[in-house]
Amino acid sequence: MKSTGLVDILKDRYPCICQRTNDSEILFYDNLYLNLSRVMSSWHFRDTELRDVVDVESELLTKVSEFIEWIFALVKPTKVFFVATDGVSPVAKMNKQRARCFRLSKQAEYRSRDQQSCESFSCRFDLNCITPGSVFADKLHNHLKCYFEAKMNTDPVWRNVEVIYSGYDCPGDGEQKILCYIRYLRAQPTYNSSTKHCMYGLATDLIVLGLATHEPNFALLSGSSTPSGSEGTFIKSSTGSASKLDLLHFSLLRQYLSIEFAKLRLDYPLLFDFERCLDDWILLICLNGNDSVPRLKNVNAEALPQLWSMYMASFGKMQGHLSEEGRLNVQRLEVYFERLAEIDRLNFTETYDDLLWLRSKSAVQTEMTGVTALEQWCSDFWSACSLSANSKSSVLSRDHTEGWDRIMENEFLKYRINYYTANFNVEKVDASFMVELKVSYLQALQWTLKYYYDGVVSWNWFYPFHWSPFVTDLKCFQGEMFQFALGDPLLPFQYMLGVLPSKSFHLLPTAYQDLFDPSSPLAAFVPRESDAAWNEETEHPFADLNVPFIDVAILLEVTACRDHLLTDSERRRNRLGHCLVFQCPGEGQENYAKQKKADDFLDLYLCTPQLLPADVFDLSPDSVVHGLLPNAKVLFPSFNAFERSQVRPTIPPLITAGSHLKPIAVSAVAEEQEDMGKLACQLLGKWLLVKFPHCVPALCTAVSTAKERYDCLQDSGEMIGHCKHDLQSEQNWKRCGRRLQMELCDLKAVKLNEVRTIVHCTFPTAVRCSYKADGSPVVHFHFSNVQEQFPYDTTVKVIDGSQFFLQRFENTQELFTYGCILFSLVTETYGQKGFFLRRLDGDLLRIQLARSSCKIMQANLAHVAQRKRNSWLDVDQLMKKARMSSRTVARLVGNVWLLKNSDTGEGSINIGLNLKFSKANMHKPAYTVKTATGRWLYSTQTALILTEYKRRFPEVIEYLSHCSAVHKLDASVIWEDCRREQRLAELLSWLRCLPVSAVRTEQCGTKVVDIGMRGSLERMIRLERNRLISSGREEFYIVDMKASDLYCPSLVFGNWPLNMHKHYCLLDRVVCVRPCFAVPLGLAGTVIHVPPMVEVSHVDLLVLFDEEFVGAFRPDGCKLKSAYYVPIDALLNIRHVKVNPPKTIELVSRALQSTIYAQVNKQEQRMKS
């Protein structure tokens, strides 16, 4: 569901709710929730490259795996990872889903409207393939089941988390299934009310769903979720750049809303309840419309602040809240609607002049439709909203009259009646129609609230109109009681019939594909072409598409006659499934407890999914726990954390004529400044919470004022350095203070009177937990080299930074979990994988270590480098071998742009091989090389690719040899209209399937193993591994080692730079030690590609691993898909022995504070003298 503007309004009004972060910062959340259908739909809409590929399904499955890897590694939830895909929606939301599917189909058809062949469009990848019940949805479902099972059995970080997967065969939208699980958790007696939740996505419905849980520690994470396109790329490996992410904190949003409605708390202390006020706020958002109820007439996102203002103005007259635990109070709602009717009148006064002008230009006066006696109608049905001729109104028009008189009232009535007759397809607007419309709209509001708070109360109910009434006509409520029959959800194939357009009927089973023929009873529900027109000017064409409502009874009757024609596999896709729970056996279980007491070899139990009923997390309305739970603690971020500064909000009016919505400003009034020397002693080397009010931990390394500066010195024995500012430094400091003050005011609406003291901090990029010699837990940090400045008055002191990061562990005395994977760092067993059994005294651990064969293989690989390498060809030799002209070769090895539509000049695609880029000094290693003299050489594999190109697509080579070097190719000249789409798709598919397409473009000078050597390398490693396994060398043994000599990936957060080797060579044997990564943890491989190492920590190596895995690609010369680009800090190089860990900043202990303070006084006295 697209955002309707609420997100932007909230950011403008409450600027601190969103925290800008990146994927290098460390996040701490207990539960992570992900709706894959929402993520994939965003790929479909923006990823134009994927739509041009024939076999795009396998591409999407790979992207899904990569995205899950990225989001899990980013958040690293400690308890639950809930993944859902959209199942069958309730009928109330089905029509919006149907319009969405039809819009996607029309957009794809529009992009290919210049093609004359209908078959070319039907062969394209259908964007509606993720609809529940389709073949691709089933492929994705099976792929995810296998993927989660593999991750739970290979990745130690995943093994510590409960993974729950709810697929398309479980009814309900993805977000609704997530919300059901949260309600289920809150109803458990053992639930921790301070659990931190994180959901991926940022949209209006997600904000409403999150607030409806009343969980204070909830956040929405959003960022670059598209694998390619305008929004960027999610990071799969460390490349030195960080993805920009946004965190919307509900803890801050709740505090902002509490400030917004603080006047109600003061004026009506006995009536006001903040949690119920949040429920009313959600109801007001629903008036802007969603999938189950259209937006109220004359209400849009820009009018939401006006709705909030009118709510506060009418609260006293309502004498209470509009809803309670999802139940509407219709009497109070009528009072609120009476006040809200001002919007209708204001809107009409703005358009009345235009109506008068149109009437003056029309020869025939506009007549009322369906009304015979206007005066009688006004006195009977509309009396409540009409004014007498002598009464006056405060609603004034601009230039045609001074007040709202009888004439204006009658004109307003005509305006409303014309609206109803034009949009509701009725001949007569009478009382019965208005009562039906009124009750239906109230039912829609009630159904929506129940959907948010209790779950689906009816699978078959729906709002039977595309439009909503005027709020002026929502009155005379008689205490309507809303009763809903639960019913049963549709089956996947029935749902597909209800939402798919005719262009997507090939996704249906064969037995169903003719059910929308003209002779079928369902033909009347097919949208006509006249229902919507393509509009190139709008950002979202067909956004206001209205498709006919489908009759569910007829749908069920028709499908029942065809069910016997379904195949066995189709019947399996068309039935209710199970919710899958992946949970590894814990230490408390009997089998694990027995093994832990005995010093026996570890026998890890395979994690298999537990099948639970699809509705296992659904609760009855009586079992749902509403509101804020008792003892719920609001964790960071929070305005309340800044106790030293008095936070005073300034609340501007919600409605200001002719001006932009102004933000709620927060003023931080600080206390008196402490002595600078004492302050430096207290802060330097200590942890602070910075980035007001988001409370991000950072280490203080310097404290400064306009006159002086204190630094934490790493290499000095005195620990603290002190200096006085000269005139230039003082001016620079003042400019920095003004910049910080302006940034807080402009970006966060935080006002500081002045910046007196600045703290200079550095952030941890990685955290590693272990044990000291005495057995107490210790936290090691790796910090960024960049210092950031913050006003001291916006920071919070943290007594112990280690405890801040240890809080994610329930028991800090048991950091290692039984069976977690470890790697040895000692010389004799460097890089060997082991499993934790139990902790002995102090930091001594008993582990089960594997006798690795990597070192033996490293020695045996030496002779491979001595083999004869491939010969390289110059341009003349390449021309002869490929039998092409020099012009053709020169263009094909670079970029060749092809215009799909020469008339508009749009749709340029690259059909070149992209092997070299002379101006950028870049190339594809192993295919091209640039000599020291600047001469380009080409491998024999390049000649083979060019020869195959010519054999498959001779028409392209022929045209390329005659066209100008600066001219773009024209697809309409190369191919006839009937073959153009098919041949272009074949060309793009072939180019994408080439192994060279997976090779990155690197700077010239990259070292690479020649293609001709890779096959021998692959065979030798496979034979060597089989020989070692058959000889019994791949065995395990038990050993006791110190925690400092082991590396435990599950106790590392962030990208810890474990390996700081400055020199990597080709054919080095390496082991992947990064969890939550595409490469399985502990998998060994051989380096076949080493780029120039300008920045060692930011270099990726191409590694040919010993086994295949999901996400890897097959390089030229190999048979297995086992190659992957891996960052250096994710590898252990077997060729090296143990290295010293990187330097970290020593934290100042309490025992040294008095000594440091004495040093400060001594330095000050020395400077004064």
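**Figure 1. Phe433 and its ring partner Phe424 in the predicted model.** In this predicted model, Phe433 has a relative accessibility of 7% and therefore counts as buried, the cut-off for that class being under 20%. Phe424 likewise counts as buried, because its relative accessibility is 7%. The ring centres of Phe424 and Phe433 lie 5.7 Å apart with the planes at 80°, so the pair is classed as edge-to-face.

**Figure 2. The aromatic cluster that includes Phe424 and Phe433.** Ring pairs join Phe424 and Phe433 with Phe348, Phe412, Tyr415, Tyr419, Tyr420, Tyr441, Tyr463, Phe465 and Phe470 in a cluster. Helix α18 comprises residues 406–423, and among its buried residues are Phe412, Tyr419 and Tyr420, each of which is also named in the cluster.

**Figure 3. Helix α18, residues 406–423.** From its first C-alpha to its last, this helix of 18 residues reaches 26 Å, which is close to the 26 Å expected at 1.5 Å a residue. Its buried residues include Met408, Leu413 and Ile417, together with Glu409, Glu411, Lys414 and Arg416, and also Asn410 and Thr421. Following α18 comes Asn425, whose phi is positive, near 55°.

**Figure 4. An aromatic pair between distant parts of the chain, Phe81 and Trp158.** The structure holds 65 aromatic pairs, and one of them is formed by Phe81 and Trp158, whose rings are 5.7 Å apart from centre to centre, with 80° between the planes, in an edge-to-face arrangement. Phe81 belongs to strand β3 (residues 80–84) and Trp158 to helix α8 (residues 156–159), so that the pair links positions 77 residues apart. Both Phe81 and Trp158 are buried.

**Figure 5. Arginine charges over aromatic rings at Tyr771 and Phe1077.** At Tyr771, the charged end of Arg839 sits over the ring, at 4.2 Å from the ring centre. At Phe1077, the charged end of Arg1074 sits over the ring, and here the distance to the ring centre is 5.8 Å.

**Figure 6. Cys180 and Cys736, two buried cysteines.** Cys180 counts as buried because its relative accessibility is 10%, and Cys736 counts as buried because its relative accessibility is 15%; each value falls within the class defined as under 20%. A disulfide is a covalent bond between the sulfur atoms of two cysteines. With the cut-off set at sulfur atoms within 2.5 Å, the count for the predicted model comes to 0 disulfides.

Definitions and conventions
Residues are numbered from 1 along each chain as its sequence is written. This is a predicted model: local features need pLDDT of at least 70, side-chain atom pairs count only at pLDDT 80 or more; totals for chains, interfaces and linings use all residues. Side-chain values use heavy atoms; hydrogens and water are left out. Buried means under 20% relative accessible area, exposed over 50%, partly exposed in between (1.4 Å probe, protein chains only). Rings of Phe, Tyr and Trp (its six-membered ring) pair if their centres lie within 6.5 Å; planes under 30 degrees apart count as stacked, over 60 as edge-to-face and the rest as tilted. Helices (H or I, at least four residues) and strands (E, at least two) are DSSP runs, numbered from the N terminus. A charge sits over a ring if NZ of Lys or CZ of Arg is within 6 Å of the ring centre and within 35 degrees of the ring normal. The expected span of a helix is 1.5 Å times one less than its number of residues.
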